[in-house]
Amino acid sequence: HGAITIGTFARLVPEKGIIEGIEAIKESAKHVNLRWNIYGDGFLKDEVVRNIRGNSLEDIISLKGYVSNKHLFAHEMNLIDIYFHPSRSEGLSIAIQEAMSSGLPIVSTDVGGSKDMMYDRSTGLLCAKLEPKSMAQALVEMCSDKRLREYLGRNARKLAEEKFNLSSVTKQYLKRYGSLI
C-alpha cells in the first residue's frame, strides 16, 4: 500500500498548532505509512523546519509554502487523502470549509468554529484538545480505515453543500447579526 497523504493549509503561526502537529505525525508514523504536506508560510517556518529535522521527519513532512487557492484546487486537493487541522484556536475556518467541499475527511482539534462546522464521527474526527497523542490516535484510525475515510469524506461534502453555499451562509450571518440588534 502507498502512503496516505495528509494535507494542512495554514499560516505557520503558533495558533495553528503546527509544532504539536509534527509531534502527532511523528507518533502516527510509528503505526501507519503517511506523508504530511503543509501548505502555507509564516514566521514560525524556521522553527518548523528545525522541528522536522530534529525529529528526522524530512521523508514524511513536506513544507510546500504558500499556494494560491486556484493552484490548490486545480492540483493539490486531488493528492490529499485526509485534511489535518491541528489548531489551538479558530474562527470559521475557510480551510475546513474548502476541505469539506472537496470531500476530504478531517482530523481537527475541537476548538472555536471547528466544532460548529463539523461533527465528530460524521464528517471527521474531532480531538478534544491540541494534544499530540490524541491527534495521533485519530490520524492512525483514519489512515487505517479506508471505508471510514470515504464515509466521512462523503458526509463532509454533503454538509458543505448544505451549510456553506451562499444562500445558507447569508442566512447564518443575518440570523447572528439580527440577534445582536
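This short talk covers how helix α1 packs against two other helices, and then two buried residues. The model is predicted, so please keep that in mind throughout.

Let us start with helix α1, residues 18–28, and helix α6, residues 132–144. Their axes come within 8 Å and cross at roughly 50 degrees. How do α1 and α6 lie relative to each other? They are oblique, because roughly parallel would need an angle under 35 degrees and roughly perpendicular one of 65 to 115. The crossing is right-handed.

Which residues make this contact? From α1 there are Glu 20, Gly 21, Glu 23, Ala 24, Ile 25, Glu 27 and Ser 28. From α6 there are Pro 132, Met 135, Ala 136, Leu 139 and Val 140. Sorted by class, the contact of α1 with α6 has seven nonpolar, two polar and three charged residues.

Next, α1 and helix α2, which is residues 45–54. Here the axes come within 10 Å, and the crossing angle is roughly 15 degrees. That angle is under 35 degrees, so α1 is roughly parallel to α2. This crossing is right-handed.

On the α1 side, the contact uses Ile 18, Ile 19, Ile 22 and Glu 23. On the α2 side, it uses Glu 47, Val 48, Asn 51 and Ile 52. The classes in the contact of α1 with α2 are five nonpolar, one polar and two charged. If you are following on the structure, note that Glu 23 is listed in the contact with α6 and also in the contact with α2.

Now to single residues. Where is Leu 12 found? Leu 12 sits in the loop between β1, residues 4–9, and α1. Is Leu 12 buried or exposed? Leu 12 is buried, because its relative accessible area is 1% and the cut-off is under 20%.

Setting aside neighbours within four places in sequence, Leu 12 is in contact with Ile 18, Ile 38, Gly 40, Asp 41, Gly 42, Phe 43, Leu 44 and Lys 45. Take Ile 38 from that list. Leu 12 and Ile 38 are 26 residues apart in sequence, yet their C-alpha atoms are 9.1 Å apart in space.

The last residue is Asn 37, in strand β2, residues 34–39. Asn 37 has a relative accessibility of 11%, so Asn 37 also counts as buried. Again leaving out neighbours within four places, Asn 37 is in contact with Thr 5, Ile 6, Gly 7, Thr 8, Ser 62 and Lys 64.

Note on methods: Residues numbered from 1 in each chain as written. Predicted model: local features only at pLDDT ≥ 70, side-chain atom pairs only at ≥ 80, totals over all residues. Heavy atoms only, no water. Axes fitted to C-alpha atoms, helices over the stretch in contact; angles between N-to-C directions. Helix = DSSP H or I, 4+ residues; strand = E, 2+ residues; numbered from the N terminus. Parallel < 35°, antiparallel > 145°, perpendicular 65-115°, else oblique. Left-handed = near helix turned anticlockwise from the far one by under 90°. Contact = heavy atoms within 4.5 Å. Nonpolar A, V, L, I, M, F, W, Y, C, P; charged D, E, K, R; others polar. Buried < 20%, exposed > 50% of the residue type's maximum accessible area, 1.4 Å probe, protein only.
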